[in-house]
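Visitor: I would like a short tour of this model, starting with the vocabulary. Could you define each term as it comes up?

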Amino acid sequence: MFEEIQNSDIVQERALLVGIYGPETPRVQAEEYLDELEMLTRTAGGITVDKVLQNRMHPDPSTYIGSGKLRELKRRVSDEGIDTLIFDDDLTPTQIRNIEKATKAKLLDRSGLILDIFASRAQTSAAKTQVELAQLQYLLPRLTRFWTHLSRQQGGIGTRGPGETQIETDRRLIDKRISNLKDKLEKLDRQRQTQRKGRSDNVRVSLVGYTNAGKSTLMNALTDTEVLAEDRLFATLDSTVRRCEIANYDVLLSDTVGFIRKLPHDLIESFKSTLDEVREADILLHVVDASSLMIQDYIDVVNETLDDMNITDEQKVQLVFNKIDTIDPQRIRELKQQYPDAVFISAERGIGLLKLEEKIQNLIEEDFVTKTMSIPVAKYEGVAFLHREANILKKEYVGSDVEVTFSIAKSDLMRLKSLLENIDTAESVA
Ligand SMILES: Nc1nc2c(ncn2[C@@H]2O[C@H](COP(=O)(O)OP(=O)(O)OP(=O)(O)O)[C@@H](O)[C@H]2O)c(=O)[nH]1
Ligand SMILES: [Mg+2]
């Protein structure tokens with residue numbers, strides 16, 4: 001049963017990729033989706049034999065593609081030695097059943113493929129747990145499919161009764177496993193939270209962006225370390241945090257998992273806590289691959305995913321166009337016009353990094369002010385607040401006052417002021 005879930009036998013499988021285009025997805029876009037699916041297939045270790053697109057108003061509810069196309073697929077599966085059909089959209093259990101029956105090929109959809117890649121790349125206990133949870137949640141509504149799979153191997157027909165029982169047993173097992181995994185994740189979460197405590201004085205910067213945009217390469221360039229960066233999708237699954245200095249500020253820089261369109265919802269759910277680093281960051285550097293053609297699409301996917309993960313827009317987001325070494329100057333000029341606030345860099349060649357650091361410094365300083373205030377000692381709540389939220393630069397007692405020089409985020413300064421106003425100081429005046 002659990003062997004099936006792993007899907008890892010995709011290694012060197014020969015695959016046909018299948019998608020549709022129509023009123024909602026123009027052909028060029030569908031082609032880009034399939035190119036990306038090809039990259040995913042390669043990352044999973046498969047070989048794309050061909051990409052098949054069909055023009056349709058909607059996916060067919062029972063077979064996704066039309067019956068003519070289905071027959072064509074069936075023929076190609078046997079003629080060209082195709083092992084697997086990979087669909088760009090998620091299929092319903094009915095569609096899976098019907099297509100499997102008609103083509104006798106192994107089926108995978110985009111979510112299944114992404115989950116498979118995540119499973120093969122997960123290194124740490126947290127990532128492994130998160131991926132397994134997502135896989136089981138993905139599998140649960142599709143259990144029938146795996147049963148048809150098994151029943152066919154066992155000779156099929158007539159096994160329906162025992163099959164149903166088997167599914168019930170599997171379902172219970174999986175439910176139990178899911179709740180175990182959730183418990184484990186909660187524990188890991190608490191550990192992580194303890195680790196994060198004590199970091200609150202630093203400025204936190206998080207790298208976010210589409211997979212393969214160059215986040216890890218930028219992390220390496222800014223921190224002089226070696227985080228794995230490679231030309232594969234989802235090279236990074238866990239957040240890595242590194243300390244670095246930017247314009248005299250102690251910065252905690254975190255590198256995170258990349259996003260992709262149609263990221264399976266279960267995966268988003270289970271990776272939520274990995275992205276706590278992002279949630280708690282002061283500044284997000286949104287890294288974009290400047291060489292791609294549909295830049296705004298990629299930016300939108302990242303923004304939508306951040307929304308999905310309830311990452312509030314309290315943080316400042318700085319667009320960083322990477323890989324400018326791969327595009328011509330004319331294109332750079334166009335992009336600069338379209339995105340006047342973006343920074344343009346090549347993380348690999350070290351181009352534009354000083355500009356980027358300057359920008360980060362500006363963002364930090366926009367937010368922080370340095371202040372000197374005299375606070376009556378009696379308003380100890382105010383002083384305690386400062387100790388908690390500000391960087392104290394100087395502190396001196398002058399009579400019944402304490403004179404403090406501190407640097408603080410503007411929003412916290414407002415909170416401090418209203419806190420001080422609301423403390424009743426009648427006693428201290430007397
Ligand atoms: N030409 C060029 N290639 C780059 C640049 N920055 C990164 N790359 C390449 O882009 C690929 C992806 O880089 P990564 O840093 O792994 O990208 P990532 O955003 O961390 O990707 P995931 O962790 O998979 O989400 C690698 O092959 C890098 O060598 C750049 O400035 N120029
Ligand atoms: Mg990475």
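Guide: Two strands pair if DSSP finds at least two bridges between them. Helices (H or I, at least four residues) and strands (E, at least two) are DSSP runs, numbered from the N terminus. This is a predicted model, in which local features need pLDDT of at least 70 and side-chain atom pairs count only at pLDDT 80 or more, while totals for chains, interfaces and linings use all residues. Residues are numbered from 1 along each chain as its sequence is written, and chains are lettered from A and ligands numbered from 1 in the order in which they are written.

Visitor: Which residue in E13 stands opposite Asn-391?

Guide: Strand E12 (residues 391–398) runs antiparallel to E13, and seven bridges join them. In E13, the residue opposite Asn-391 is Ser-407.

Visitor: Which residue takes a positive phi in the hairpin of E12 and E13?

Guide: This hairpin has two residues between its strands. The one with a positive phi, near 60°, is Gly-399.

Visitor: How many bridges pair strand E11 with strand E13?

Guide: E11 covers residues 368–376 and E13 covers residues 401–409. Within E13, Val-404 is opposite Met-373, and Ala-409 is opposite Phe-368. The two strands are antiparallel, and their bridges number nine.

Visitor: What angle does the direction of helix H15 make with that of E13?

Guide: E11, E13 and E12, in that order, form an open antiparallel sheet of three strands. Its edge strands, each pairing on one side only, are E11 and E12. The twist from one strand to the next averages 15° (axes are lines fitted to C-alpha atoms, for helices over the stretch in contact, and angles run from 0 to 180 degrees between N-to-C directions). H15 (residues 380–389) packs on this sheet, touching E11, E12 and E13 (two residues are in contact if their C-beta atoms, placed from the backbone, lie within 7 Å), and its direction makes with that of E13 an angle of about 35°.

Visitor: Which strands stand at the edges of the sheet of six strands, each with a single partner strand?

Guide: The six strands form an open sheet with mixed pairing, in the order E6-E7-E5-E8-E9-E10. One side of each edge strand has no neighbour in the sheet, because each has a single partner; the two are E6 (240–246) and E10 (343–344).

Visitor: What is the bridge partner of Ile-246 in E7?

Guide: E6 and E7 (residues 249–255) are antiparallel and pair over seven bridges. In E7, the partner of Ile-246 is Tyr-249.

Visitor: At what angle to E7 does helix H9 run?

Guide: H9 (residues 215–223) lies across E5 (203–209), E6, E7, E8 (283–289) and E9 (316–322). Its angle to E7 is about 155°.

Visitor: How many charged residues does the shell around ligand 1 have?

Guide: Ligand 1 is surrounded by 24 residues (each with its C-beta atom, placed from the backbone, within 6 Å), the closest being Gly-214, Ser-216, Asp-231, Thr-236 and Gly-258. H9 gives the most to this shell, with three residues. Ala, Val, Leu, Ile, Met, Phe, Trp, Tyr, Cys and Pro count as nonpolar, Asp, Glu, Lys and Arg as charged, and the others, Gly among them, as polar. By these classes, the shell has six nonpolar residues and 11 polar ones, and its charged residues number seven.

Visitor: Is Lys-323 buried or exposed?

Guide: A residue is buried if 20 or more other C-beta atoms, placed from the backbone, lie within 10 Å of its own, exposed if 12 or fewer, and partly exposed in between. Lys-323 is in the loop between E9 and helix H13 (329–338). Its phi is positive, near 65°. It has 23 C-beta neighbours inside 10 Å and therefore counts as buried.

Visitor: What separates the C-alpha atoms of Thr-211 and Ile-260?

Guide: Thr-211 is placed in the loop between E5 and H9. Beyond its neighbours within four places in sequence, its contacts include Gly-258, Phe-259 and Ile-260. Thr-211 and Ile-260 are 49 residues apart along the chain, and the separation of their C-alpha atoms is 6.2 Å.

Visitor: Which helix gives the most to the largest nonpolar core?

Guide: A nonpolar core is a set of buried Ala, Val, Leu, Ile, Met, Phe, Trp, Tyr and Cys residues joined through C-beta atoms within 7 Å. The largest one here has 88 residues, and Leu-85, Ile-86, Ile-114 and Val-205 have the most contacts inside it. Seven of its residues come from the helix that gives the most, H6 (residues 125–139).
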